[in-house]
Every structure is written in structure tokens, then in C-alpha cells.
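Subject: A structure for you to look at

Hi there,

Here is the structure I promised to pass on, together with some notes on what turned up in it. Have the viewer open while you read.

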Amino acid sequence: MKHEIKRILKSNGEALARSDKTLRSIFDIMFSNEGLVLCESHDGFRTKKQTYGEIKRKIKRCAAGLYSRIGDTHEFVALYMDNSPDWIVAFWSILKSGNKPYLV
């Protein structure tokens, strides 16, 4: 596991160094390992794991919903919520919808 993490960090670091360093390329690099676990949560009875792929699909659905409601206005959209997988979805969805997150 430790060697796998080092390999992923090295690979993603190299990809970032070769990229144009835009938020789009950072997103593509971050979510390229769709099968890896991004986060775990526990409800008191069981542990729920969410992969990068699952979160990426949520981001795409949420971004499409935002775009259909407010369009590609390049406006600021306030983001005020606790740190969670939903925060990750909201942050990247705002960007992918063509808008700018305003972290409150």
C-alpha cells in the first residue's frame, strides 16, 4: 500500500509538472485514478468508501445542474459548508459549470 501511494504521488506530480497547471488539468490529474478511495465515512455501524470515480460522476451531474440553472456566467457562487465529500463535489461543480467558487 505504501509503495502504491508513493507511485501515485510520483505519477501525479510528474503529470502536474508536464501540465499547463490550470484547474482543469489539476482536476483531470486528481480524478484520473477513478478506482482509488478518495474518502471514508462512518455512520456508527459501517464504513462507507467513496472512490474518485464516484465523486467525479457526482461532480459532473452537479455541474450540469448548476449550468442548467445559472448558465456559464463566470460569476461567483458562494460556497459555505462543512468539510466533507459534498464540499469537494460542490467546489469542483462550480468550476466545471463555468463559474467561480467564493469560499465563505
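Let's begin with Cys39, which counts as buried because its relative accessibility is 16%, under the 20% limit. Is Cys62 buried or partly exposed? Cys62 has a relative accessible area of 32%, so Cys62 is partly exposed. The count of disulfides comes to 0. For Cys39, the nearest cysteine sulfur belongs to Cys62 and lies 15 Å away. A disulfide needs the two sulfur atoms within 2.5 Å, so this pair does not qualify.

Please keep in mind that this is a predicted model. The mean pLDDT of the protein chain is 92, and 100% of its residues reach 70 or more. Confidence is lowest in α1, with a mean of 90, and highest in α4, at 96.

Now for the overall layout. The protein chain has 4 helices and 4 strands, and along the sequence they follow the pattern α-α-β-β-α-β-α-β. The C-alpha trace spans about 45 × 45 × 25 Å along its principal axes. Of the 104 residues in the chain, 26% are buried. If you take the contacts between residues at least 6 apart in sequence, 53% of them join residues at least 24 apart.

Next, have a look at the inside. The largest nonpolar core is made up of 11 residues, among them Phe27, Phe31, Ile55, Ile59, Val77 and Leu79. Three elements, α3 (52-70), β3 (76-79) and α4 (85-96), each supply at least two residues of this core. Which element gives the largest share? That is α4, with 5 residues.

Since α4 contributes so many core residues, let's stay with this helix for a moment. Its buried residues are Val89, Ala90, Phe91, Trp92, Ser93 and Ile94. These buried residues pack against α2, α3, β3 and β4 (100-103). Trp92 is a good one to click on: leaving aside its neighbours within four places in sequence, Trp92 is in contact with Leu23, Ile26, Phe27, Met30, Phe31 and Ile59. You can also check the length of the helix yourself. At 1.5 Å a residue, the 12 residues of α4 should span 16 Å, and the end C-alpha atoms are indeed 16 Å apart, so the two values agree. Just after α4 comes Gly98, with a positive phi of about 95 degrees.

That brings us to another backbone angle. Most residues other than glycine have a negative phi. Lys21 is not a glycine, yet its phi is positive, at about 60 degrees. You will find Lys21 in the loop between α1 (2-18) and α2 (23-30).

Finally, the charged side chains. How many salt bridges does the structure hold? There are 6, and here are three of them to look up.

One is between Lys10 and Glu14, where the closest N and O atoms are 3.9 Å apart. Both residues sit in helix α1, and because they are 4 residues apart, about one helical turn separates them. An α-helix has 3.6 residues a turn, so residues three or four places apart point the same way. Lys10 counts as exposed, at 55% relative accessibility, while Glu14 counts as partly exposed, at 38%.

Another salt bridge joins the side chains of Arg57 and Glu34, at 3.8 Å from N to O. Arg57 lies in helix α3 and Glu34 in the loop between α2 and β1 (37-42), so this pair ties together parts that are 23 residues apart in sequence. Arg57 is partly exposed, at 43% relative accessibility, and Glu34 is also partly exposed, at 34%. Both residues belong to a network of salt bridges that links Glu34, Lys56 and Arg57.

The last one to look up pairs Glu40 with Lys49, with the closest N and O atoms 3.8 Å apart. Here Glu40 and Lys49 are both exposed.

Happy exploring, and do write back with any questions!

Best wishes

Note on methods. Residues numbered from 1 in each chain as written. Predicted model: local features only at pLDDT ≥ 70, side-chain atom pairs only at ≥ 80, totals over all residues. Heavy atoms only, no water. Core = buried A, V, L, I, M, F, W, Y, C linked by side-chain atoms within 4.5 Å. Buried < 20%, exposed > 50% of the residue type's maximum accessible area, 1.4 Å probe, protein only. Contact = heavy atoms within 4.5 Å. Salt bridge = Lys/Arg side-chain N within 4 Å of Asp/Glu carboxyl O. Expected span 1.5 Å × (residues − 1). pLDDT = per-residue confidence, 0-100.
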